[in-house]
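User: Please walk me through the cavity search and the backbone outliers here. Keep it brisk.

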Amino acid sequence: MSLYCSILGPLQVLVDGHDAVIGARKQRLLLALLLCRANAVVPAAELIDALWGETPPRTARKNLQVYVSALRKLTGDRIGFHGWGYRFSATPGELDLLRFKELARAGRGAIHGGKPATAAELLGEAVGLWREQPLTEFAHVPRVAREVAGFTDLFLSVHEDWAELEIELGHHVEALAGLDVLAARFPARERIAAARMTALARCGRASEALAHFEELRRRLASELGIDPSPVLKRLYQDILTGTVARPAPAVRTTDQLPRDIGDFVGRKPEIHRILHEPAAVTLITGEPGIGKTALAVHVAHALAPGYPDGALMVPLGGGGAHDVQHEILESVGVSTAGVHDADVLASVWRSWLAGRRVLLVLDDAPDEPSVRRLLPGSGDSRVLVTSRSRLSGLESVARVGLGELSDAEGLAFLAAQLGRERTLAGRAALTALFDRYGRSPLTLRLLGGRFARLPHVPLRVLAERLTRAGNVLDEFTAGDVSLRARFEECYRGAAFAALGALHGPPFSHEELVAALGERVIEALLEANVLRMPEIDQAAEVAAHALTYTMSPLAHLYAAELSRVASHDRR
């Protein structure tokens, strides 16, 4: 039988890899007391006092024996009786507290042996064993509280040793995550304060480091009537004058961009604008399938050489910013184990970015908060964001809205799939399809894929077959890509279905107001379901003259939903 016990957090017992249930509270408390002093005899009188306080029942010793017997069934022969008390025998592989102490001794030995990298690795492993505040369910039991206070002091000193080593080795970002947590829990602990101030300064966040000192100074004065130590005062002055040494520039982390599209066509004005845009954040928006991600990746490959610390692609459609930050930081070697607070994690993320030039592509952002949490707080990084929504609440960004390709760009797009001669021969049929189904890159790619499978059939004939199809949406598929599936993912809600009941597009302003109302129109514009055709900016356009349009194929899908909704109501 394998056994593993953990008390550096909530009490947990694993038997053969599975959680063991210990339901009785006094039985759990007894086990916690024995584990706190593993491999030492705990007097029975102490155990009885901890279990029942000053007025134990007459049967206390018998009850203690019953609890011990029950625990032995769970832990085997590890609990022994030694005449006047009980001892829980365990190895470092069976109890996290013993493993923590073993690693702490080895790490400090490596420090004395002049091996800082080895010491940092060993102490970092020790620190990583600490899950949460230990044994909080028994915090009101004085004997448990005293034991926890003892090994908490050891943990803090080990964490301080590790953090100072990491900072000296240039791993200040990695150290900062834990220091943020501990500084909040132990605000008067000066070694933690000093390490955090140093790490912040080396991350380019000197103002936050100075603010930490001022907060500590006020706390010490009000609560203890003392000043910060001379060491902290000197550190404050060094940060104030900018003399805290900065580490060497980080090596390039990694490039995680997907491959560029070899047959990328068009978007020359948009590409030129993004490449020369002075803003740190560029937002690319448009309807599904309009080519937002393709453009962002295409431009990112051109920009990447100017960002020596890496280029990262961050898909936001499937998870929150919190999960993304954990994943990326771990992938570049920044440990976030034990960091659960979103604000602390965001601080670690900003610290990692602060001293680096990183190119981030945040793809398929669902809303403004998911983007804000991932934006750098300072530094020279660049961010490209793609979203189906216009994200109008996102501040201080350059905005690039994508529309459909032109006829010429659409033909060039298809020529890459079908061949130049075949495309020119079928030009009239293809432009007619453009007018009927639009010229979004996804539509064209699916159309080209379908036509490329039948090279012996003239494009005119294939176009006629497509227009006669019973359900046109189902014709736009290629391999594992389906236009219907994309629409099902992106387009939902009664407002979208209501568009299908209207003849069009285009739609007049009065028609949409009557069917949906002004607020719904605004929401559909924000979501890039509806768009307004380009108008002469010098001309004053009355509300009644406004028109709105949308993807013809999206309107076909809306019409399907409208018919289903109408049938369900009958």
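User: By class, what residues make up the lining of the largest cavity?

Analyst: This is a predicted model. The lining includes L442, L483 and F487. E287 is also part of the lining. By class, the count is five nonpolar, four polar and one charged.

User: How many cavities of 30 Å³ or more does the search find, and what is the volume of the largest?

Analyst: The search covered the whole structure and found one cavity of 30 Å³ or more. The largest cavity has a volume of about 50 Å³.

User: Which helices each supply at least two residues of that lining?

Analyst: Among the lining residues are L442 and T443, and α19 spans 441–452. L483 and F487 also line the cavity, and α21 spans 483–490. Each supplies at least two lining residues: α19 and α21.

User: Where is D16, and is it buried, partly exposed or exposed?

Analyst: D16 is not a glycine, yet its phi is positive, about 55°. D16 is found in the loop between β2 (12–15) and β3 (18–19). Its relative accessibility is 47%. Exposed needs over 50% and buried under 20%, so D16 counts as partly exposed.

User: And S396: which loop holds it, and is it buried or exposed?

Analyst: S396 has a positive phi near 55° and is a residue other than glycine. The loop runs between β10 (382–387) and β11 (398–401). Relative accessibility is 71% for S396. The cut-off for exposed is over 50%, so S396 counts as exposed.

Terms used. Residues numbered from 1 in each chain as written. Predicted model: local features only at pLDDT ≥ 70, side-chain atom pairs only at ≥ 80, totals over all residues. Heavy atoms only, no water. 1 Å grid on protein atoms, 1.4 Å probe; cavity = no way out; pocket = protein on both sides within 12 Å on 5 of 7 lines; lining within 4 Å. Points joined across faces, edges and corners; volume = space filled by probe spheres on them. Helix = DSSP H or I, 4+ residues; strand = E, 2+ residues; numbered from the N terminus. Nonpolar A, V, L, I, M, F, W, Y, C, P; charged D, E, K, R; others polar. Buried < 20%, exposed > 50% of the residue type's maximum accessible area, 1.4 Å probe, protein only.
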